[in-house]
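Biologist: Before we discuss any packing, could you set out the terms and then take me through the rings?

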Amino acid sequence: MLTFIALSTFLVSCAAAPTAVLQPRVPSQCGQYSSISTGSYTIASNEWGASTGTGSQCSQIDGLSGNSLAWSTTWTWSGGTNNVKSYTNVQSPMTSKPLSQYTSIPTTWSWSYSGTSLRANVAYDTFLGTCPSCAQAYEVMVWLGVYGGISPLSDNGYPPTPVATPTIGGVPFNLIKGHNGNVIVYSFLAQSGAVTSYSGDLVAFYKYLIANWGVSSGQYLQTVQAGTEVFTGSGAKLTTTGYTIKMN
């Protein structure tokens, strides 16, 4: 697992020897609900289901070039095979507005996953409500990657049967509908199982739901996150070489 990188200085006994140059510490975190930030991005650990298993997880910022964030998270979790342990994710500042007021939300995400016996996804997770601070009414997820046969919440059993198979932004998806209490959950699962170089517009998913599933354009977009829901696995690492998002 990743650990905090300690900066060290070295005492050189020879006066003629060159002075050691301190390298900047890579921002990292290993706490259950810790966060680290760079530029406009914040990486939140959110290990909300840690009590259902045993393990640990760390994440770090690997770089920021313009608006493109590079980051990674490493983890090992066991027990509670069908329970989410964490959703380490990236967030950025946003002003909550009705869906009708967003012209576009372009985003790109280049990533890779490694590890043993992975049960995890790579997904955008967003929430809608009737006002910026109202109770959540909808959860809209976009799964770009899925490992180990895990499934989103489903109203028609497991493994779920797609309620539709839309192609959005040139990518074919299976749409799964479920409920989490009173929250209606729409999960778009990439049919290929791993879209490791993604470029799309999140507004296209909302427009599809407005046109086909009765979601009101007056719903406010409350939260947009991008990360990995982790169930179980060992020696795992999600590496993001480039992530961007812009709210228009």
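Modeller: Buried means under 20% relative accessible area, exposed over 50% and partly exposed in between, with a 1.4 Å probe and protein chains only. This is a predicted model, in which local features need pLDDT of at least 70 and side-chain atom pairs pLDDT 80 or more, while totals for chains, interfaces and linings use all residues. Residues are numbered from 1 along each chain as its sequence is written, and side-chain values use heavy atoms, without hydrogens or water.

Biologist: What relative accessible area does F188 have?

Modeller: F188 lies in strand β11 and Y208 in helix α1 (DSSP runs: E, at least two residues, for strands; H or I, at least four, for helices; numbered from the N terminus). Y208 is buried at 17%, and F188 is buried as well, with a relative accessible area of 0%.

Biologist: How are the rings of F173 and F205 arranged?

Modeller: Rings of Phe, Tyr and Trp (its six-membered ring) pair if their centres lie within 6.5 Å, and planes under 30 degrees apart count as stacked, over 60 as edge-to-face and the rest as tilted. F173 in strand β10 and F205 in helix α1 are 32 residues apart, and both are buried. Their centres are 5.3 Å apart and their planes at 80°, so the pair is edge-to-face.

Biologist: Which backbone oxygen does the side chain of S45 reach?

Modeller: S45 sits in the loop between β3 and β4 and, at 3% relative accessibility, counts as buried. At 2.9 Å (a polar contact joins N or O atoms within 3.5 Å, one able to donate a hydrogen and the other to accept it; sequence neighbours count only if both are side-chain atoms), its side chain reaches the backbone oxygen of Q32.
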